[in-house]
Each structure stands twice: as structure tokens, then as C-alpha cells.
Amino acid sequence: MALLNLISTRAAGFKSAPSFRKRLTARLQIMRERAALRDLSDEQLQDLGLSRFEAEKEANRPFWDAPDTWRR
């Protein structure tokens with residue numbers, strides 16, 4: 001029964017869930033990007049249109065808390 005469900009969802013155009021390795025790689029990338037955001041100077045943040053407060057707020061978010069658009 002499970003095999004039939006898998007076949008029908010793939011046939012309907014649904015993609016299977018990403019592998020554990022891909023999810024882990026994406027989460028590690030989020031951690032690195034947020035750490036890099038924390039290290040930017042005030043001038044660099046200003047170029048991005050962010051305040052120090054906004055950058056720190058984003059950098060302090062947990063790695064699993066990411067928008068869906070980042071997870072593709």
C-alpha cells in the first residue's frame with residue numbers, strides 16, 4: 001500500500017522529501033550565513049539596509065528556524 005502511495009504521489013508531480021544529508025547541509029549553511037551576518041561591519045549592514053539590531057536578531061535565530069524559500 002505504501003509503495004502505491006509513493007508511486008501515485010510521484011506520478012502526480014510531487015517531489016520526495018530531501019535526503020537527510022541535503023537537509024543537514026542546508027542547516028549548516030544557514031548557520032554559516034547567520035554567523036557571517038553577525039561579523040559584518042555597520043557600514044556593510046547599512047549597504048544591505050539592515051540595522052545592527054536586525055542583524056543580531058537574525059543571527060541569533062536557531063538554524064531550524066528558516067523561511068521555506070531558504071529550504072529549496
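**How α2 meets α4**

Reader: What kind of crossing does α2 make as it passes α4?

Author: A left-handed one. Bear in mind that this is a predicted model.

Reader: Which residues make the contact?

Author: On the α2 side you'll find R34, L37 and R38, and on the α4 side R52, A55, E56, E58 and A59. Sorted by class, three residues of this contact are nonpolar, none are polar and five are charged.

Reader: What makes the two helices roughly parallel or roughly antiparallel?

Author: It's down to the angle. Helix α2 (residues 20-39) and helix α4 (residues 52-59) pack at about 155°, with axes 8 Å apart. Anything over 145 degrees counts as roughly antiparallel, so α2 and α4 earn that name.

Reader: Why is R34 called buried or exposed?

Author: R34, which sits in helix α2, has a relative accessible area of 4%. Buried means under 20%, so R34 is buried.

Reader: What makes the link between the side chains of R34 and E58 a polar contact?

Author: Their side chains are joined at 3.0 Å, and the cut-off for such a pair of N or O atoms is within 3.5 Å. The side chain of R34 also reaches the backbone oxygen of R61, at 3.4 Å.

Reader: And how many helices and strands does the whole protein chain have?

Author: Four helices and zero strands, so the pattern along the sequence reads α-α-α-α. The protein chain has 72 residues, and 12% of them count as buried.

Note on methods. Residues numbered from 1 in each chain as written. Predicted model: local features only at pLDDT ≥ 70, side-chain atom pairs only at ≥ 80, totals over all residues. Heavy atoms only, no water. Axes fitted to C-alpha atoms, helices over the stretch in contact; angles between N-to-C directions. Parallel < 35°, antiparallel > 145°, perpendicular 65-115°, else oblique. Left-handed = near helix turned anticlockwise from the far one by under 90°. Contact = heavy atoms within 4.5 Å. Nonpolar A, V, L, I, M, F, W, Y, C, P; charged D, E, K, R; others polar. Buried < 20%, exposed > 50% of the residue type's maximum accessible area, 1.4 Å probe, protein only. Polar contact = N/O pair within 3.5 Å; in protein donor to acceptor, adjacent residues only side chain to side chain.
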